[in-house]
Amino acid sequence: MTEPLFVIPLWADLTAVGLGGVQGALFASGFVGQRRLDFLGVAIIGILVGMGGGLIRDLLLNTELATLQSNWYLLTALGASLVGMLLAGLFQRLNAVIVALDALVIGMFAAFGTAKALGLGMPAVPAVFVGVCAAVGGSILRDVIMGLPVAIMHVGSLYAVAAGAGCVVLAVAHALGAPLVAAAITCVVVTTVIRLLAVMFDISLPEQRALHRRKVAIETSAIRIIKP
């Protein structure tokens with residue numbers, strides 16, 4: 001890899017990590033019964049969500065792991081997780097805040113991943129892939145650790161699609177000559193808006209089984225039924 005043309009500001013990266021940590025802790029704090037977690041478990045989930053996207057991004061780009069080059073990343077993720085735990089009762093009553101926080105975290109990790117890949121000279125399509133992986137990486141690690149179905153693999157509000165759309169906008173804007181910083185901000189806005197609209201209006205991709213049933217219905221409609 002060549003010297004990057006785009007460097008993620010430390011404050012911006014820590015902001016994404018902190019928001020991810022809060023969101024992860026809020027998610028983990030909402031479980032009751034056999035799946036409930038203690039303080040350590042909630043903190044671990046918060047740290048995974050906060051730092052997971054950046055770790056996956058840098059592993060894919062074969063660059064030094066930014067989240068392990070400074071004390072502030074882990075401290076920020078841990079502190080944010082504690083905040084999420086302490087304020088879980090308040091935030092659970094403000095569901096809109098959790099949804100907006102989730103959408104913003106997706107957008108920031110998507111933008112940072114794609115912008116950093118493009119800054120390192122990676123072609124547009126792989127750069128978009130890196131951005132999407134960074135956006136959903138934390139949630140995948142969270143679901144795997146907690147033994148849950150991976151959210152992005154099942155029918156639900158647009159998640160990876162929102163990140164993908166934002167990353168494509170970033171790549172296209174950069175190809176047309178827009179500065180990477182401006183393109184990254186646009187990516188955050190596009191991803192966040194699409195994710196929020198998907199949640200508000202319950203928009204999701206078609207269920208695979210529904211497509212299969214429709215195909216079977218069309219095929220079987222041509223079969224003649226002989227009545228006795």
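Visitor: Which aspartate does the side chain of lysine 116 meet in a salt bridge?

Guide: Keep in mind that this is a predicted model. A salt bridge needs a side-chain nitrogen of Lys or Arg within 4 Å of a carboxyl oxygen of Asp or Glu. Here the N to O distance is 2.8 Å, and the partner of lysine 116 is aspartate 58.

Visitor: How many residues apart in sequence are the parts which that pair ties together?

Guide: Look at where the two sit: lysine 116 is in helix 5, while aspartate 58 belongs to helix 2. Both residues are buried. The pair therefore ties together parts of the chain whose separation in sequence is 58 residues.

Visitor: Which residues are joined into one network with Asp58 and Lys116?

Guide: The structure has five salt bridges in total. Aspartate 143 and arginine 142 make one of them, with their closest N and O atoms 3.0 Å apart. Where salt bridges share partners, they link up into one network, and there Asp58 and Lys116 are joined by Asp13 and Arg57.

Visitor: Back to aspartate 143 and arginine 142: is arginine 142 buried or exposed?

Guide: The cut-off for buried is under 20% relative accessible area. Aspartate 143 falls under that at 2%. Arginine 142 comes in at 7%, so this residue is buried.

Visitor: And aspartate 102, which helix holds the arginine it pairs with?

Guide: Aspartate 102 meets arginine 195 in a salt bridge, 3.2 Å from N to O. That links distant parts of the chain, 93 residues apart, with aspartate 102 in helix 5 and arginine 195 in helix 8.

Visitor: What is the relative accessibility of arginine 195?

Guide: Take its partner to begin with: aspartate 102 is buried, at 8% relative accessible area. Arginine 195 counts as buried too, since the cut-off is under 20% and its value is 12%.

Visitor: How many charged residues are in the lining of the largest cavity?

Guide: Aspartate 102 turns up again here, since the lining includes Asp102 along with Val105, Ile106 and Phe109. By class, seven of the lining residues are nonpolar and four are polar, and the charged count is one.

Visitor: Which helices each supply at least two residues of that lining?

Guide: The lining includes Val49 and Gly53, and also Ala134, Ala135 and Gly138. Match those with the ranges 39-61, 95-119 and 124-146, and the helices are helix 2, helix 5 and helix 6.

Visitor: How much space lies in the largest cavity?

Guide: The structure holds one cavity of 30 Å³ or more. Residues lining the largest cavity also include Gln23, Ser139 and Tyr159. The space in there is about 80 Å³.

Key. Residues are numbered from 1 along each chain as its sequence is written. This is a predicted model: local features need pLDDT of at least 70, side-chain atom pairs count only at pLDDT 80 or more; totals for chains, interfaces and linings use all residues. Side-chain values use heavy atoms; hydrogens and water are left out. On a 1 Å grid over the protein atoms alone, a cavity is a set of points where a 1.4 Å probe fits but cannot get out, and a pocket is an open set with protein on both sides within 12 Å along at least five of seven lines; lining residues have an atom within 4 Å of a point. Grid points are joined across faces, edges and corners, and a volume is the space filled by probe spheres set on the points. Helices (H or I, at least four residues) and strands (E, at least two) are DSSP runs, numbered from the N terminus. Ala, Val, Leu, Ile, Met, Phe, Trp, Tyr, Cys and Pro count as nonpolar, Asp, Glu, Lys and Arg as charged, and the others, Gly among them, as polar. Buried means under 20% relative accessible area, exposed over 50%, partly exposed in between (1.4 Å probe, protein chains only).
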